[in-house]
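Dear colleague,

I am handing over the structure we spoke about, and my notes on its side-chain packing follow directly below it. Please read them alongside the coordinates.

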Amino acid sequence: MPQDLEEELRDLFKLPGEESALRRCLGEALESYRGGIYGEKEGGVRSPILFGLIASRILDHPTLSRAAKLRACETVFDVIPLPEREDEAFFTAENVPPGLQGAAHFLLEQGEFTEYHLLHLIYALFLDPVRAAQASSTVLEQNLTSIISGDLEAGPKLLFAYLLLASPALPPRTAMELLSRLLDSPGLPLDSKRFLCLSALDSTFSVGWFVQLASKEGLYSLGEGVREEILREVRVRPLPHSLSSKAQKWLLEADTAPEKASKGEEG
């Protein structure tokens, strides 16, 4: 194993007594990296893909401390390079570390998840909707529920929900369960639920609504012109068609709810 990588890892964690376990995690991550198919050239410990593999092994390690696991999860988000300007775009999937949802899950469980992590998670889902959504359905459901119900800004929460639902990595059953969690959540305003359901039914509506939301949250450039408008619209991923029946049912029930309540009061 390269000595320089071991030194980088030691300098990053600075946890006496845990070096041996951390070296094992690095060795396993390197083996997985070299045996996989990744576009990124092997770089230092903090290269996104390699560190994502390292962090996943640290989280799974039975004896490593909470401090080591927190440091690993924080660094997973740190290695995702956000654009410096709204009009700067680099669609490079290699900037997305694997195991991102697992790192978010640990931070959420530990009460350490902040808007900083949410914004990086949103950008990762935008860059690589497959890798950034890879996790068990249980982890995805718990992450979504915690984020939507948490004390974070409404716009980023809604953007995260849409991008997660739109990920082609989700099996239809998982996507349906996630939408159900969203529609049942008291942490999501009624109008937001309505917009999600309309987006599942009407791709034209979803393009306009998503572009507006993403532009407001800084994910898209606000530049004007036909070219800029086209570029924004072609980057909108539609919600899966499998959600349409659930969305239609919710909209019908929401539209008739006041009428039902009124009839109940009259009786």
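In this predicted model, ring pairs join Y162, F195, F205, W209 and F210 into a cluster. The count of aromatic pairs comes to four. One of them is formed by Y162 and W209, whose ring centres are 5.9 Å apart with the planes at 70°, and because planes over 60 degrees apart count as edge-to-face, the pair is assigned to that class. Y162 sits in helix α8 (residues 154-165) and W209 in helix α11 (residues 203-216), so this pair ties together parts that are 47 residues apart in sequence. Both Y162 and W209 are buried.

W209 also pairs with F195: here the ring centres lie 5.8 Å apart and the planes stand at 45°, so the pair is tilted. Since F195 belongs to helix α10 (residues 190-201) and W209 to helix α11, the parts tied together by this pair are 14 residues apart in sequence. As for exposure, F195 has a relative accessible area of 30% and is therefore partly exposed, whereas W209, with a relative accessible area of 8%, is buried.

Turning to the nonpolar packing, the largest nonpolar core comprises 81 residues, and those with the most contacts inside it are F13, F51, I54, F160 and L219. Of these, F13 may be a useful place to start reading: leaving aside residues up to four places away in sequence, F13 touches L22, F51, I58, A68, R71 and A72.

With best regards

How values were computed: Residues are numbered from 1 along each chain as its sequence is written. This is a predicted model: local features need pLDDT of at least 70, side-chain atom pairs count only at pLDDT 80 or more; totals for chains, interfaces and linings use all residues. Side-chain values use heavy atoms; hydrogens and water are left out. A nonpolar core is a set of buried Ala, Val, Leu, Ile, Met, Phe, Trp, Tyr and Cys residues joined through side-chain atoms within 4.5 Å. Buried means under 20% relative accessible area, exposed over 50%, partly exposed in between (1.4 Å probe, protein chains only). Contact means heavy atoms within 4.5 Å. Rings of Phe, Tyr and Trp (its six-membered ring) pair if their centres lie within 6.5 Å; planes under 30 degrees apart count as stacked, over 60 as edge-to-face and the rest as tilted. Helices (H or I, at least four residues) and strands (E, at least two) are DSSP runs, numbered from the N terminus.
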